[in-house]
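Here's a quick tour for anyone opening this one for the first time. Have a look at the sequence and the fold, then read on.

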Amino acid sequence: MRAIVLDSANTPLRLDMNRPLPEPGAGQVLIRVRACGVCRTDLHVIDGELPHPKPALIPGHQVVGIVEQVGPGAERLTTGDRVGVPWLSWTCGVCEYCRSGRENLCDNARFTGYDLDGGYADYVTADERYCFPIPGAFGDVAAAPLLCAGLIGYRALRMAGEAGRLGIYGFGAVAHIIAQVARYRGQQVFAFTKPGDAAGQAFARSLGAVWAGGSDERPPEQLDAALIFAPVGGLVPAALAVTEKGGKVVCAGIHMNDIPAFPYRLLWEERTICSVANLTRRDGEEFLTLAARIPLRTITTKFHLSAANEALAALREGRVEGAAVLVP
Ligand SMILES: [Zn+2]
Ligand SMILES: [Zn+2]
């Protein structure tokens with residue numbers, strides 16, 4: 001099969017035309033990939049900011065495809081099912097986190113496109129228990145960004161609570177989905193982009209943001225909560241400074257550069273800062289049902305599988321409107 005391979009950190013990905021087809025193990029299925037979303041986490045893996053990926057890794061953890069073969073013991077899925085494969089690919093089921101409904105924090109968790117090969121390829125294998133059925137309302141390409149951008153964004157949104165006035169820092173793939181969910185829930189969205197990014201601000205307004213401006217600007221009103229999707233630590237004190245008493249700042253990325261020191265008064269009056277890690281299968285089921293009900297409209301830019309490096313460069317430079325998706 002064709003696959004895009006990471007040989008070592010900080011080198012371009014390599015197209016392998018003859019990667020052996022993976023065999024589904026016990027409880028796994030073999031999936032023919034129809035689309036795979038490109039996520040900022042893929043950049044963190046490629047840049048070595050997430051250490052020790054699997055050797056000769058195939059990245060990609062927003063996979064939509066069709067089950068082509070069922071491994072021994074797999075019985076939930078059958079040939080022909082259309083499924084999604086997310087970031088969380090396996091949990092132990094016995095650690096204290098798994099036993100308390102927090103499998104996103106599992107001590108022994110494995111992740112797609114990091115510990116296990118992902119979807120930048122013609123085929124991928126996955127444990128059937130961690131795959132999600134894809135609602136019929138979404139085409140393959142449209143569904144791909146739901147699997148990480150949508151899901152992790154949804155977990156971050158829930159973490160922020162009822163916030164009527166919600167700030168979103170970094171208006172890319174995640175924000176363009178989550179702004180729609182927030183609006184559906186009756187929340188007002190205030191979008192923060194890189195200073196001077198007029199196109200990003202117009203994009204945010206087109207998705208219903210009541211205000212859009214640079215991350216160095218003050219919104220017209222104080223916020224009840226803020227979600228930070230950009231990997232920029234300096235946004236944490238910036239967000240705290242425009243957040244109401246008792247408000248919450250949620251950091252939703254897997255990696256962020258250092259948060260600069262800031263005066264205690266920005267945190268004072270019961271403001272909180274927290275992070276969001278990974279997803280649970282329950283998040284996925286809830287979110288995909290909600291996505292079909294709203295229904296969410298994802299905006300995607302398609303790249304051929306062989307143009308993976310190009311897609312990643314476009315993401316890195318902020319040139320992708322909505323989400324980048326690879327198609328084999
Ligand atoms: Zn566990
Ligand atoms: Zn991701």
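Arg 282 and Arg 293 are the exposed residues on the face of helix 8 that is turned away from its buried side. Keep in mind that this is a predicted model. Two spots are covered below: helix 8 and a zinc site.

**Helix 8**

- Helix 8 takes in residues 281–293, so it has 13 residues by definition of its run.
- From its first C-alpha to its last, helix 8 reaches 19 Å, close to the 18 Å expected at 1.5 Å a residue.
- On the buried side of the helix you'll find Asp 283, Gly 284, Phe 287, Leu 288, Leu 290 and Ala 291.
- Those buried residues sit on the same side of helix 8 because they cover an arc of only 165° around the axis.
- What do the buried residues of helix 8 pack against? Their partners are strand 9 (132–133), helix 4 (149–159) and helix 5 (173–184).

**The zinc site**

- The zinc ion (ligand 1) gets its protein donors from the SG atoms of Cys 92, Cys 95, Cys 98 and Cys 106, which lie 2.3 to 2.4 Å from it.
- Along the sequence, these donor residues follow the spacing C-x2-C-x2-C-x7-C.
- Why is the arrangement around the zinc ion (ligand 1) called tetrahedral? The 4 donor atoms subtend angles of 102 to 119°, and four donors count as tetrahedral if all angles lie between 85 and 135 degrees.
- For comparison, the ideal angle for four tetrahedral donors is 109.5 degrees.

**Buried cysteines**

- Cys 92 has 19% relative accessibility, so it counts as buried, the cut-off being under 20%.
- Cys 95 is buried too, with a relative accessible area of 9%.

Notes
Residues are numbered from 1 along each chain as its sequence is written. Chains are lettered from A and ligands numbered from 1 in the order in which they are written. This is a predicted model: local features need pLDDT of at least 70, side-chain atom pairs count only at pLDDT 80 or more; totals for chains, interfaces and linings use all residues. Side-chain values use heavy atoms; hydrogens and water are left out. Donors are N, O and S atoms within 2.8 Å of the metal (3.2 Å for Na, K and Ca); water is not among the atoms, so sites may look incomplete. Four donors count as tetrahedral if all angles lie between 85 and 135 degrees; four count as square planar and six as octahedral if opposite donors are over 155 degrees apart and all others between 65 and 115; anything else is irregular. Buried means under 20% relative accessible area, exposed over 50%, partly exposed in between (1.4 Å probe, protein chains only). Helices (H or I, at least four residues) and strands (E, at least two) are DSSP runs, numbered from the N terminus. The expected span of a helix is 1.5 Å times one less than its number of residues. The arc is that of the directions from the helix axis to the C-beta atoms. Contact means heavy atoms within 4.5 Å.
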